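Dear colleague,

I am handing over the structure we spoke about, with the sequence alongside. Please open both before reading on, since my notes follow below.

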Amino acid sequence: ADVARCLRCPVVAKLHGPAFLTLVEEDGKTELAATKIAREGRGLRQVAAIMAPSQRTLSHTIANYDLRPRSMTVIPNLLNEEPGLKLWNLEQCDKKTILFVGRFEKLKGGDIALLAFRRLLDIDSTVKLIFVGPDRGLTARDRAPIFFEEFMHAVFPAALRGSVQYLGQLPRSQIADLRTRALISIVPSRWENQGYTAIEAMIQGCPVVVTNVGGMSEIIQHGVTGLLARPNDSSDLCEQMALLLKAPGMARRLGENARAFVIKELSGEKLAAETVDFYREVISMATAPGN
């Protein structure tokens with residue numbers, strides 16, 4: 001908004017988040033959250049055009065803030081394949097291992113991942129969960145955050161805690177290696193604008209199970225490029241994971257389709273061209289007679 005007021009050229013805002021969608025549950029009930037959301041709306045009303053990585057994010061934002069930008073579009077975030085990237089292989093992965101990559105917090109669904117895995121242990125006691133990401137804690141009203149270890153002790157009996165391996169925050173190269181070791185990568189977020197964690201797994205050919213929130217259904221076609229679980233539903237997430245554990249051939253097919261989708265639809269060349277076309281459209285509106 002400040003840039004738009006100071007310059008004559010049109011300003012394009014690309015949505016990241018946005019705050020009114022990513023500040024979930026208790027995180028969205030603070031004074032700071034209310035201030036952030038209010039400023040977000042005022043800022044977006046000042047720009048000429050809005051881009052978003054997903055249609056669902058764009059639609060929710062336009063409706064929530066009653067926006068009327070002169071132009072708007074959906075252009076996903078790109079993901080080019082890194083040189084030497086190790087790909088997932090059914091024959092080389094551990095068919096009893098599941099991987100979660102994300103912060104232990106409400107937004108990324110770290111608690112949902114653990115609750116779903118606890119249910120899965122009742123179906124197959126030999127499965128393992130690798131949990132990667134910083135421990136931000138689960139916010140709770142009128143008490144201190146609940147951190148990973150406390151949550152584990154509350155949900156898992158002592159005899160089952162060894163089935164979960166918590167590795168904390170790791171560099172990207174180690175995470176890429178872990179993805180090839182696991183049969184399934186899960187992303188049980190309560191909201192995702194586009195879902196970069198899922199896309200990073202997909203380009204490696206990893207089978208993914210994600211919650212159907214935000215733009216997830218725009219990159220995951222259920223039963224084709226991955227599996228979609230109901231939002232905030234550990235039981236359904238458990239069922240989707242159990243399905244792939246019983247059908248590794250299906251997991252292989254989903255991983256192959258997922259990789260092909262990312263390479264085709266999220267390439268830098270394709271999305272850069274779409275972005276330049278949109279910028280040209282916005283500039284032409286600003287330079288048209290009467291503007």
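To begin with how the chain is put together, and bearing in mind throughout that this is a predicted model, among contacts between residues at least 6 apart in sequence, 68% join residues that are at least 24 apart. The protein contains 12 helices and 11 strands. Its radius of gyration is 21 Å, close to the 19 Å that the globule rule gives for 291 residues, so the protein is as compact as a globular protein of that length. The C-alpha trace spans about 70 × 45 × 30 Å along the principal axes.

As for the surface, 49% of the 291 residues count as buried, and the accessible surface comes to about 14100 Å², with 52% of that area belonging to carbon and sulfur atoms. There are 36 positive and 32 negative charges, and the mean positions of the two sets are 2 Å apart.

Helix 5

Helix 5 covers residues 110–123, and at 1.5 Å a residue its 14 residues should span 20 Å, which agrees with the 20 Å that separates its end C-alpha atoms. This helix is mostly covered, in that 10 of its 14 residues are buried. Among the buried residues are the hydrophobic-looking names you might look for, including Ile 112, Leu 114, Phe 117, Leu 120 and Leu 121, but Asp 111 and Arg 118 are on the list as well.

Ser 185

Ser 185 is found in strand 9, which runs over residues 182–187. With a relative accessibility of 6%, Ser 185 counts as buried, because the cut-off for that class is under 20%. Leaving aside its neighbours within four places in sequence, Ser 185 is in contact with Leu 99, Arg 179 and Ala 201, and also with Cys 206, Pro 207, Val 208 and Val 209. If you would like a distance to check on screen, Ser 185 and Val 127 are 13 Å apart, C-alpha to C-alpha, and 58 residues apart in sequence.

Backbone details to look at

Most residues other than glycine have a negative phi, and most peptide bonds are trans. Against that background, three places deserve a careful look.

The peptide bond that joins Gly 17 and Pro 18 is cis, with omega at about -20°. Pro 18 lies in the loop between strand 1 (12–14) and helix 2 (19–22).

Asp 66, which is not a glycine, has a positive phi, near 50°. This residue sits in the loop between helix 4 (55–65) and strand 3 (71–74), and Asp 66 is partly exposed, with a relative accessible area of 49%.

Asn 232 likewise has a positive phi, of about 55°, without being a glycine. The place of Asn 232 is in the loop between strand 11 (227–229) and helix 10 (234–246), and with a relative accessible area of 45% Asn 232 is partly exposed.

With best wishes

Terms used
Residues are numbered from 1 along each chain as its sequence is written. This is a predicted model: local features need pLDDT of at least 70, side-chain atom pairs count only at pLDDT 80 or more; totals for chains, interfaces and linings use all residues. Side-chain values use heavy atoms; hydrogens and water are left out. Helices (H or I, at least four residues) and strands (E, at least two) are DSSP runs, numbered from the N terminus. The expected span of a helix is 1.5 Å times one less than its number of residues. Buried means under 20% relative accessible area, exposed over 50%, partly exposed in between (1.4 Å probe, protein chains only). The radius of gyration is taken over C-alpha atoms; the globule rule is 2.2 Å times the number of residues to the power 0.38. Contact means heavy atoms within 4.5 Å. Accessible areas come from the Shrake-Rupley method with a 1.4 Å probe; for residues, only the protein chains shown count as cover. Lys and Arg count as positive and Asp and Glu as negative; His and the chain ends are not counted. The place of a charge is taken as NZ of Lys, CZ of Arg, CG of Asp or CD of Glu.
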